[in-house]
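Thanks for asking me to look this one over. My notes are below as numbered points, so that you can follow them with the viewer open.

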Amino acid sequence: MGSGSEVAKNAADMLLLDDNFCSIVNGVEQGRVVFDNLKKSITYTLTSNIPELTPFLTFIVIQCPLPLSTILILCIDLGTDVLPAVSFAYELPELDIMERMPRNSKYDSLVTRKVIGHAYMTNGFVQSFVAFLTWLQVLNDYGIKPTSTLFLALEDGYFQTEDDVYDPDQPNFGNSNFGDDNWKTKLYWDGSTDSHLDIMLFYVHRNRNTWSKCRWDPTDTSIPKFWRISNVSY
């Protein structure tokens, strides 16, 4: 007890400052809350590894345009991931927290196979699938079918002039520099300074049957500028 002698306090494994044995139960509950919240925070942090790794694997294997650059990964890890991960420290205890059996200190660690499987296989897969589905939907909105992204990242393309606007009814989709080797270059998605180019004008040499019609009218000035096809950034 906290009111005991100094010798007893130094020899004790547990010291109750309020001289109340009920504090032992409160201490066990608080310890379990801390352990659970640490697990939640670790699981949340590990989950983002799969969605961040998958774009690079697809970029290497099938050479699709890189949806997530290194800078964007840093923005996610240092910007959007920090606050949610810290917020788990303030989670309230689960309803059955005091009904569980005591954990085995030798086997029940913070990072277990269940935590890794839940973070990587379940949450990570779902996040990757939804993120890729959204990315492909955005490309499709601008006239680029999902099948067109296969082996698209490292192909040669042609720069367009500033006044070129994508038009499927025009020769070469409106790219006036198509066929001119002086305007021919490669667009590297992982760090090119030319990423402002309109992808559908840049890669006009691809099989035209793979392009779909953009649902945005590039000549409609009522559409916000950043939505018009000639001003799309990839």
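1. Let me start with Asn177, which in this predicted model is buried, with a relative accessible area of 9%. Asn177 counts as buried because that value falls under the 20% cut-off. Its place is in the loop between β1 (156-158) and β2 (184-186). A polar atom of the Asn177 side chain lies 3.1 Å from the backbone oxygen of Phe159. Setting aside neighbours within four places in sequence, the contacts of Asn177 are Tyr158, Phe159, Gln160, Thr161 and Trp183. Phe159 therefore appears both in the contact list and as the partner in the 3.1 Å pair for this buried residue.

2. The loop between β1 and β2 also holds Asn172. The phi of Asn172 is near 55°, a positive value in a residue other than glycine. Is Asn172 buried or exposed? Asn172 is buried, because its relative accessible area of 18% is under 20%.

3. Phe151 is worth a look too: this residue is not a glycine, yet has a positive phi of about 55°. Phe151 sits in the loop between α6 and β1. With a relative accessible area of 45%, Phe151 is partly exposed, because that value lies between the 20% and 50% limits.

4. Next, please turn to Thr47, whose place is in helix α2 (residues 22-47). Thr47 has 4% relative accessibility and so counts as buried. Which backbone oxygen lies 2.6 Å from a polar atom of the Thr47 side chain? That oxygen belongs to Thr43. Beyond its neighbours within four places in sequence, Thr47 is in contact with Ala119, Asn123, Gly124 and Gln127.

5. On to the largest nonpolar core, which has 17 residues. Those with the most contacts inside this core are Ile144, Tyr166, Phe173, Ile199, Met200, Tyr203 and Trp211. Two elements, α6 (113-141) and α7 (199-202), give two or more residues to this core. Of the elements, α7 gives the most, with four residues.

6. Trp211 deserves a point of its own. Leaving aside neighbours within four places in sequence, Trp211 is in contact with Gly143, Ile144, Lys145, Ser148, Phe173, Met200, Tyr203 and Arg206. Among these contacts, Ile144, Phe173, Met200 and Tyr203 are also named with Trp211 in the list of core residues with the most contacts.

7. If you plan to look at pockets, the second largest has a volume of about 310 Å³. Its lining is made up of Val28, Gly31, Arg32, Phe35, Asp36, Lys39, Arg100, Met101, Pro102, Arg103, Asp108 and Thr112. How many residues of each class line this pocket? The lining has six charged, four nonpolar and two polar residues.

8. Finally, some notes on the whole protein. The protein has seven helices and two strands, and along the sequence the pattern reads α-α-α-α-α-α-β-β-α. Among the 234 residues, 31% count as buried. For contacts with a separation of 6 or more, 72% are between residues 24 or more positions apart.

Methods
Residues are numbered from 1 along each chain as its sequence is written. This is a predicted model: local features need pLDDT of at least 70, side-chain atom pairs count only at pLDDT 80 or more; totals for chains, interfaces and linings use all residues. Side-chain values use heavy atoms; hydrogens and water are left out. On a 1 Å grid over the protein atoms alone, a cavity is a set of points where a 1.4 Å probe fits but cannot get out, and a pocket is an open set with protein on both sides within 12 Å along at least five of seven lines; lining residues have an atom within 4 Å of a point. Grid points are joined across faces, edges and corners, and a volume is the space filled by probe spheres set on the points. Ala, Val, Leu, Ile, Met, Phe, Trp, Tyr, Cys and Pro count as nonpolar, Asp, Glu, Lys and Arg as charged, and the others, Gly among them, as polar. A nonpolar core is a set of buried Ala, Val, Leu, Ile, Met, Phe, Trp, Tyr and Cys residues joined through side-chain atoms within 4.5 Å. Buried means under 20% relative accessible area, exposed over 50%, partly exposed in between (1.4 Å probe, protein chains only). Contact means heavy atoms within 4.5 Å. A polar contact is a pair of N or O atoms within 3.5 Å; within protein, one must be able to donate a hydrogen and the other to accept it, and residues adjacent in sequence count only if both atoms are side-chain atoms.
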